[in-house]
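Reader: I am new to reading protein models. Could we go through this one together, one question at a time?

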Amino acid sequence: MENKVISDIRPFNMFGNLYFVGSSKVSVHIIKTELGLVMIDTGYPDMYEQILSSMEELSLDPKDICAIFHSHGHIDHFGCTERLKQLSGAKTYISRIDNDIVNGTLDLSWAVELNLPRMPFFDCDVLIEDGDVFDFGSTSVRCRLTPGHTDGVLSFFVNVTDGKEELIAAMHGGAGLNTLEKSFLDKYGMSTDVRQVFIKATEALMDEKVDIVMGNHPPQNDTVGKLQKVSEGKPIADSSEWQRFLNHIINNTIEHFKNEQ
Ligand SMILES: [Zn+2]
């Protein structure tokens with residue numbers, strides 16, 4: 001392939017039909033299903049060549065992408081969506097709420113804060129509500145609204161398999177505190193109440209049974225550590241990682257803002 005751009009995290013098969021093709025900046029996951037490839041998030045706009053190179057290394061054909069899900073409407077999660085859609089004809093999915101960001105109704109894509117040019121705006125094909133489930137053959141993507149980081153963050157729960165064992169892989173769709181900072185909220189006329197909304201929504205995910213944590217960004221699930229394990233032939237499933245991660249987010253949020261309330 002021309003313009004081969006190598007990711008700073010080697011693309012890898014996390015488990016069975018679950019793959020990582022993102023970089024250290026932001027995660028991009030793929031689940032291989034009977035109906036095609038289901039992608040979760042598409043990275044920054046400048047990651048297009050890197051994502052294609054990563055997929056090539058794993059023998060995943062970008063033309064086979066049938067669905068693109070978005071964890072939320074920030075530019076680092078939908079940056080390559082339009083180009084990947086053009087290439088594959090994939091259907092695009094986002095929460096109904098955050099579609100207003102990607103279509104430009106709400107100017108909250110975080111592009112301004114990153115000094116990135118605003119994207120050409122687009123509407124996604126499928127607008128997701130809390131609790132919606134989408135089936136791709138025997139693979140189901142279950143979506144739970146987890147507001148806070150944006151109003152329309154979605155967390156995903158997906159059954160993945162290596163043909164012998166079926167596990168649940170899950171992602172908290174928006175755990176960053178950047179959009180909960182007072183400076184950001186003031187700038188857009190928003191209330192600090194979203195911090196409580198975020199904590200409550202995150203607590204609500206606590207009773208989910210999860211075997212594999214997918215990071216929205218690689219540090220969240222120690223993606224590099226998982227790559228290391230996989231390359232040593234060790235399993236990455238860990239039935240308590242999800243609850244540890246959610247507790248970490250909640251405690252970190254309380255600690256971070258404790259002097260502001
Ligand atoms: Zn974000």
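Reader: Where is the place of N115?

Author: Happy to start there, and keep in mind that this is a predicted model. N115 has a positive phi of about 55 degrees although it is not a glycine. Its place in the chain is the loop between α4 and β7.

Reader: Is N115 buried or exposed?

Author: We can decide by counting neighbours, since a residue with 12 or fewer other C-beta atoms within 10 Å is called exposed. N115 has 6 other C-beta atoms within 10 Å, so N115 is exposed.

Reader: And W110, is that residue buried or exposed?

Author: W110 also lies in the loop between α4 (96-102) and β7, and W110 has a positive phi of about 75 degrees although it is not a glycine. For the label buried, the count has to be 20 or more. W110 has 20 other C-beta atoms within 10 Å, so W110 is buried.

Reader: Let's turn to the sheets. Which strands are the edge strands of the open sheet with 7 strands?

Author: The order in that sheet is β1-β2-β3-β4-β5-β6-β7, with mixed pairing. An edge strand pairs on one side only, and that holds for β1 (12-15) and β7 (126-128). From one strand to the next, the twist averages 25 degrees. The edge strands you asked for are β1 and β7.

Reader: What is the bridge partner of N13 in β2?

Author: N13 takes us to the pairing of β1 with strand β2 (residues 18-20), which is antiparallel over 3 bridges. In β2, N13 has as its bridge partner Y19.

Reader: Which residue in β4 does H29 stand opposite?

Author: H29 belongs to strand β3, and on the β2 side F20 stands opposite H29; there β2 and β3 pair in the antiparallel sense over 3 bridges. On the other pairing, β3 and strand β4 (residues 36-40) are antiparallel over 5 bridges, and these two strands form a hairpin with 2 residues between them. In β4, H29 stands opposite I40.

Reader: How many residues of β3 are buried?

Author: Let's look at both faces of the strand. H29, I31 and T33 point one way and I30 and K32 the other way, and all are buried. Strand β3 (residues 29-33) is therefore mostly covered, and the count of buried residues is 5 of 5.

Reader: Which helix lies across β1 and β2?

Author: There are helices lying across strands of this sheet, including α3 (residues 81-88), which lies across β5 (65-69) and β6 (91-95) and runs at about 160 degrees to β5. Across β1 and β2, at about 90 degrees to β1, lies helix α7 (residues 223-231).

Reader: What do the buried residues of α1 pack against?

Author: In helix α1 (residues 48-57), the buried residues are Y48, Q50, I51, L52, S54 and M55. After the helix comes S59, whose phi is positive, near 60 degrees. The buried residues of α1 pack against α3.

Reader: Which strands stand at the edges of the open sheet of 5 strands?

Author: That sheet has the order β8-β9-β10-β11-β12, with mixed pairing. Each strand at an edge has a single partner strand, so one side is left without a neighbour in the sheet; these strands are β8 and β12 (212-214).

Reader: In the hairpin of β8 and β9, which residue takes a positive phi?

Author: Strand β8 (residues 133-136) and strand β9 (residues 139-145) pair in the antiparallel sense over 4 bridges, and V133 has R142 in β9 as its bridge partner. There are 2 residues between the strands of this hairpin, and the one with a positive phi, near 65 degrees, is G137.

Reader: What is the bridge partner of A169 in β12?

Author: Here strand β11 (residues 166-171) and β12 run parallel, joined by 3 bridges. In β12, the partner of A169 is I212.

Reader: One last thing: is the crossing of α6 and α8 left-handed or right-handed?

Author: Helix α6 (residues 194-203) and helix α8 (residues 241-256) pack at an angle of about 160 degrees, with their axes 10 Å apart. That makes α6 roughly antiparallel to α8. In their contact, R195, F198, I199, T202 and E203 in α6 meet L246, I249, I250 and T253 in α8. The crossing of the two helices is left-handed.

Conventions. Residues are numbered from 1 along each chain as its sequence is written. This is a predicted model: local features need pLDDT of at least 70, side-chain atom pairs count only at pLDDT 80 or more; totals for chains, interfaces and linings use all residues. Axes are lines fitted to C-alpha atoms, for helices over the stretch in contact, and angles run from 0 to 180 degrees between N-to-C directions. Angles under 35 degrees count as roughly parallel, over 145 as roughly antiparallel, 65 to 115 as roughly perpendicular and the rest as oblique. A crossing is left-handed if the near helix is turned anticlockwise from the far one by less than a right angle, and right-handed if clockwise. Two residues are in contact if their C-beta atoms, placed from the backbone, lie within 7 Å. Two strands pair if DSSP finds at least two bridges between them.
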